[in-house]
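User: I'm new to this structure and would like to understand the labels people put on its parts. Could you walk me through the reasoning behind them?

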Amino acid sequence: TRFPVRFWNMLPHIQEPMGGELDRYMAFNLGRHDAFRDWAGGADRLAGVVPTATGVGHHGGDLYVYALCAERPAAPVENPRQRPAWRYSERFGPAPPCFARAGRVELGDDRVALFVGGTASVRGEDSYAPGDLDAQLEETFLNLDAVIEAGMGPAGSGSNATGGPGALAGASLLTEARAYCLREAEIPAIERAVRARCTGLVRLELCRADICRRELRVEIEGL
């Protein structure tokens, strides 16, 4: 048996109008919600099964969905600073985007992998600091700190490895990261900010991509 523990969804023209008040990302979320609802056995059971994910846009014509699977399921991890995505209000479409903020996988021998999904400048469910890249980066790093600290305690309980609040370094624990940048010209500034905050990185990728909300300029994921 294999369990999906991480998804990457690459949508063509992610904000393109699809009729009515839908854009392409909202339409994608309708299908994703139906699939996960059926898989979970009901919308009220999504909390325990949705894996973490990233959803960004590109300028090609095809939809790409990549799934990483493992022999055991991931424990979904939520960010205490954000509303769970699968509980978003209808302001963001008729069906919410079904993903967890992170997924914790027990590897055995006291080893843990934490897959951190696409993280942006969202507080609660609202975009924070539209148009201000520096403020968006700071909010994104605060969200990374929070979700990593929530996920690296026992079984994702929200406690941390040493037992005291704030003992983990949050984003500095990332060993691999990818930053999706809305504007090509901002990639160098984003790289500097990520390297300064995520000091444990072994690998960093930066790429131009459209973000699911027009006002957001950067999204960061990692391991």
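User: Why is Tyr 64 called partly exposed?

Analyst: Happy to start there, and note that this is a predicted model. Tyr 64 has a relative accessibility of 37%. Buried means under 20% and exposed means over 50%, so Tyr 64, at 37%, counts as partly exposed.

User: And what makes Tyr 66 partly exposed?

Analyst: The reasoning runs along the same path. Tyr 66 has a relative accessible area of 45%, and because exposed requires over 50% and buried under 20%, Tyr 66 is partly exposed.

User: How many aromatic pairs are there, and why is the one between Tyr 64 and Tyr 66 called stacked?

Analyst: Searching the whole structure gives 4 aromatic pairs. In the pair of Tyr 64 and Tyr 66, the ring centres are 6.4 Å apart and the planes differ by 10 degrees. Centres within 6.5 Å make a pair, and planes under 30 degrees apart count as stacked, so this pair earns the name.

User: Then why is the pair of Tyr 88 and Phe 92 called tilted?

Analyst: Here the centres are 5.3 Å apart, with 45 degrees between the planes. Stacked needs under 30 degrees and edge-to-face over 60, so an angle of 45 degrees makes the pair tilted. Tyr 88 and Phe 92 are both buried.

User: Which residues form an aromatic cluster?

Analyst: Phe 7, Phe 36 and Trp 39 form one cluster.

User: How do you know that the charge of Arg 123 sits over the ring of Tyr 128?

Analyst: The charged end of Arg 123 is 4.0 Å from the centre of the Tyr 128 ring. The distance limit is 6 Å, so 4.0 Å meets that part of the test. The charge must also lie within 35 degrees of the ring normal, and Arg 123 is listed as sitting over the ring.

User: How many disulfides are there, and why is Cys 98 too far from Cys 212 for a bond?

Analyst: The search of the whole structure finds 0 disulfides. A disulfide is a covalent bond between the sulfur atoms of two cysteines. For Cys 98, the closest cysteine sulfur is in Cys 212, 14 Å away. The cut-off is 2.5 Å, so that distance is too far for a bond. Cys 198 is in no disulfide either: the nearest cysteine sulfur, in Cys 181, is 13 Å away.

User: Are Cys 98 and Cys 198 buried or exposed?

Analyst: Cys 98 has 1% relative accessibility and Cys 198 has 2%. Buried means under 20%, so both cysteines are buried.

User: What makes β6 and β7 a strand pair?

Analyst: Strands β6 (residues 75–77) and β7 (residues 102–108) are joined by 3 bridges and run antiparallel. At least two bridges are needed, so 3 are enough. One of the bridges links Ala 75 to Arg 104.

User: What joins β7 to β8?

Analyst: Strand β8 (residues 111–119) is antiparallel to β7, with 6 bridges between them. Ala 102 is partnered with Val 116, and Gly 108 with Arg 111. The two strands form a hairpin with 2 residues between them, and Asp 109 in the turn has a positive phi of about 55 degrees.

User: Which strands of the sheet are at its edges?

Analyst: The open sheet has the order β6-β7-β8-β13-β11-β12, with mixed pairing. Its edge strands are β6 and β12 (203–208), because each pairs on one side only.

Definitions and conventions:
Residues numbered from 1 in each chain as written. Predicted model: local features only at pLDDT ≥ 70, side-chain atom pairs only at ≥ 80, totals over all residues. Heavy atoms only, no water. Helix = DSSP H or I, 4+ residues; strand = E, 2+ residues; numbered from the N terminus. Phe/Tyr/Trp six-rings, centres within 6.5 Å; stacked < 30°, edge-to-face > 60°. Buried < 20%, exposed > 50% of the residue type's maximum accessible area, 1.4 Å probe, protein only.
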